[in-house]
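Student: I have the sequence and the coordinates open. Walk me through it, and I'll interrupt.

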Amino acid sequence: MKTKKMTVHFLSALAVAFFIFIAIASGNSEKPVENEGNKKALEAIRKEPKVLEAIITDANVLYVSVKSDGTKRNGYAIYLCQILRENNASCKWVKVVEAGTTNHPKADNAYGILLGESKCD
């Protein structure tokens, strides 16, 4: 009988944990590309002379492709963070990649060779 009570309590606790998880997970279903601040920031960033392409992923990371001039682009990524802040964007990470390197063996990921990055605080 004791085992049966323990099983019932365990299942009850499991059900409560499941509903708490669902409540937390469904808190904000807005995709990063739908965020108004991200839209305004992306529009401003795409107007930058060095920027060839810019996207914000579902992971809320801004990827900007530029031509490589052989220098690190961490400073440029910090500058792009400033534009994100000015537009109240939810995006808090910037990665600057070399244009045309999506299939390169040294690519950071599917977006290309990483030239610089910054976490926007």
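**Working through the model**

Tutor: Start with Tyr 111, which counts as partly exposed because its relative accessibility is 33%. Bear in mind throughout that this is a predicted model.

Student: Noted. How many aromatic pairs does a search of the whole structure find?

Tutor: Two aromatic pairs turn up in the whole structure. One of them joins Tyr 63 and Tyr 111, and this pair is stacked, with 4.0 Å from centre to centre and 25° between the planes.

Student: Which parts does that pair tie together?

Tutor: Tyr 63 belongs to strand β2, while Tyr 111 sits in the loop between β3 and β4 (114-119), so the pair links parts 48 residues apart in sequence.

Student: And Tyr 63, buried or exposed?

Tutor: Tyr 63 is buried, because its relative accessible area is 9%, under the 20% cut-off. Its partner Tyr 111, at 33%, is partly exposed.

Student: Zoom out for a second. How many helices and strands does the chain have?

Tutor: There are three helices and four strands. In sequence order the pattern reads α-α-β-β-α-β-β.

Student: What share of the residues counts as buried?

Tutor: Of the chain's 121 residues, 33% are counted as buried. As for contacts between residues at least 6 apart in sequence, 52% join residues at least 24 apart.

Student: Back to the strands. What does Val 97 touch?

Tutor: Val 97 lies in strand β3. Leaving out residues up to four places away in sequence, its contacts include both tyrosines of the stacked pair, Tyr 63 and Tyr 111. Val 64, Ser 65 and Val 66 are also among them, as are Gly 112, Ile 113, Leu 114 and Leu 115.

Student: Buried or exposed?

Tutor: Val 97 is buried, because its relative accessibility is 2%. For a distance to check, the C-alpha atoms of Val 97 and Lys 67 are 8.4 Å apart, with their positions 30 residues apart along the chain.

Student: There's a lysine in that strand too. Is Lys 95 buried or exposed?

Tutor: Lys 95, in strand β3 (residues 93-98), counts as buried because its relative accessibility is 14%.

Student: Which residues does Lys 95 touch?

Tutor: Not counting residues up to four places away in sequence, Lys 95 touches Val 61, Leu 62, Tyr 63, Val 64, Asp 108, Leu 114, Gly 116 and Glu 117. Its C-alpha atom is 9.5 Å from that of Leu 80, which is 15 residues away along the chain.

Student: Leu 80. Where have I seen helix contacts with that one?

Tutor: Helix α2 (residues 36-46) and α3 have axes that come within 8 Å and cross at roughly 140°. The contact is made by Ala 41, Ala 44 and Ile 45 of α2, with Leu 80, Ile 83 and Leu 84 from α3. By class, that contact has six nonpolar residues, no polar ones and no charged ones.

Student: Why oblique, given that angle?

Tutor: The cut-off for roughly antiparallel is over 145 degrees, and the angle here is roughly 140°, so α2 and α3 are oblique to each other. The crossing of α2 past α3 is right-handed.

Student: Anything else on α3?

Tutor: Tyr 79 lies in helix α3. Tyr 79 is partly exposed, because its relative accessible area is 33%. From C-alpha to C-alpha, Tyr 79 and Val 94 are 9.7 Å apart, and 15 residues separate them in sequence.

Student: Where is Arg 73?

Tutor: Arg 73 is in the loop between β2 (61-66) and α3 (74-86). Arg 73 is buried, because its relative accessible area is 7%. Its contacts, apart from neighbours within four places in sequence, are Lys 50, Val 66, Lys 67, Ser 68, Val 96, Leu 115 and Gly 116.

Student: Last topic, backbone angles. Which residue other than glycine has a positive phi?

Tutor: Asn 88 is one, with phi near 55°. Asn 88 is in the loop between α3 and β3 and is exposed, because its relative accessible area is 63%. Asn 60 also has a positive phi, about 65°, without being a glycine. Asn 60 is located in the loop between β1 (53-56) and β2.

Conventions
Residues are numbered from 1 along each chain as its sequence is written. This is a predicted model: local features need pLDDT of at least 70, side-chain atom pairs count only at pLDDT 80 or more; totals for chains, interfaces and linings use all residues. Side-chain values use heavy atoms; hydrogens and water are left out. Helices (H or I, at least four residues) and strands (E, at least two) are DSSP runs, numbered from the N terminus. Buried means under 20% relative accessible area, exposed over 50%, partly exposed in between (1.4 Å probe, protein chains only). Contact means heavy atoms within 4.5 Å. Axes are lines fitted to C-alpha atoms, for helices over the stretch in contact, and angles run from 0 to 180 degrees between N-to-C directions. Angles under 35 degrees count as roughly parallel, over 145 as roughly antiparallel, 65 to 115 as roughly perpendicular and the rest as oblique. A crossing is left-handed if the near helix is turned anticlockwise from the far one by less than a right angle, and right-handed if clockwise. Ala, Val, Leu, Ile, Met, Phe, Trp, Tyr, Cys and Pro count as nonpolar, Asp, Glu, Lys and Arg as charged, and the others, Gly among them, as polar. Rings of Phe, Tyr and Trp (its six-membered ring) pair if their centres lie within 6.5 Å; planes under 30 degrees apart count as stacked, over 60 as edge-to-face and the rest as tilted.
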